[in-house]
Amino acid sequence: VVPHIAEYHFKMSHAEPGSSIVDATGVLGYRFEKVCDGWVTEMQQIMILQGAEGTPVNSAYSITQWEDFVGSEYRFRMSDYLDGTKVDEIVGKAVRQDDMVKVTYEIPVEVEEELPADAMFPTQHSLVLLKRAQDGEKFANDLVFDGSGDTPTNRIAAVISAARPSQNTAEDADGIANRPYHSLNLAYYPLGNAENGPSTEIAVDFGENGVAQELRMNYGSFRVRGDLQKVTRLAAPECG
């Protein structure tokens, strides 16, 4: 996989009749970096939602994650904003033990949680999906913890396409977004509440080197598409 910085621009691709949201635009900044002791992921997204009536709503979030190379430890910090005001913040860590994954939250309250031993962390899960795609597997079903929001642990069902040639036109001086990609259709089923169906559905055109070439998000009454606009390779760390 290639450490990189990427920028995605979002626009509405579909709205159901009677949807309370009639337009959506946004931008996502993404950084995936290899450091000496693991992977660091940073995301900052702003989405402007226009309702059928009233003024637009500016919704934003930022995420910083660190994960060691073997998927045994994970640290996370996430913040949500509404019209520029922070409305939520979550800080914590998770450590894999022999018989469980132990999660310790620091913010908003100090609390501990135990998860099944097979729960994966986000980067670990992405790399496993990429390996499965390259091995020709078509389906996957994994338990994943990312620490975010009201449903931090999800059973993620994935449908994986065969390799397809890149068609994006992003600004790409390093030529890292022109690799074949696999479309991953991901449905998120919250742990303990899966009988009500997926809470989120996301499709990612995931390059075989780890560069996402397009994102498609289904919010129920409307959908948005994120197109890769610019991507730059990050240098490898200098470690002893």
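This passage describes strand pairing, the surroundings of Asp 142 and a nonpolar surface patch in a predicted model.

Strand E10, residues 153-160, has antiparallel pairings with two strands, E9 and E11. The pairing of E10 with strand E9, residues 139-145, runs over 7 bridges. Within this pairing, Asp 142 stands opposite Ile 156 of E10. The pairing of E10 with strand E11, residues 181-190, likewise comprises 7 bridges. Here Ala 158 lies opposite Leu 186, a residue of E11.

Asp 142 belongs to strand E9. Its relative accessible area is 6%, and because this value is under the 20% limit, Asp 142 is classed as buried. The side chain of Asp 142 forms a polar contact with the side chain of Arg 132, at 2.6 Å. When residues up to four places away in sequence are left out, the contacts of Asp 142 are Met 120, His 125, Leu 129, Arg 132, Asn 154, Arg 155 and Ile 156. Arg 132 is thus one of the residues touched by Asp 142, as is Ile 156, the residue that stands opposite Asp 142 in E10.

A nonpolar patch on the surface is formed by Val 27, Ile 46 and Ile 48 and covers about 210 Å². Of these residues, Ile 48 is located in strand E3, which spans residues 38-51. The relative accessible area of Ile 48 is 38%. Because this lies between the limits of 20% and 50%, Ile 48 is described as partly exposed. The value also satisfies the patch criterion of over 30% relative accessible area, and Ile 48 is accordingly listed among the patch residues.

Methods:
Residues numbered from 1 in each chain as written. Predicted model: local features only at pLDDT ≥ 70, side-chain atom pairs only at ≥ 80, totals over all residues. Heavy atoms only, no water. Patch = residues over 30% accessible without salt bridge, like charges linked within 9 Å, V, L, I, M, F, W, Y side chains within 5 Å. Areas by Shrake-Rupley, 256 points an atom, 1.4 Å probe, with all protein chains shown as cover. Salt bridge = Lys/Arg side-chain N within 4 Å of Asp/Glu carboxyl O. Helix = DSSP H or I, 4+ residues; strand = E, 2+ residues; numbered from the N terminus. Buried < 20%, exposed > 50% of the residue type's maximum accessible area, 1.4 Å probe, protein only. Pairing = 2+ DSSP bridges. Polar contact = N/O pair within 3.5 Å; in protein donor to acceptor, adjacent residues only side chain to side chain. Contact = heavy atoms within 4.5 Å.
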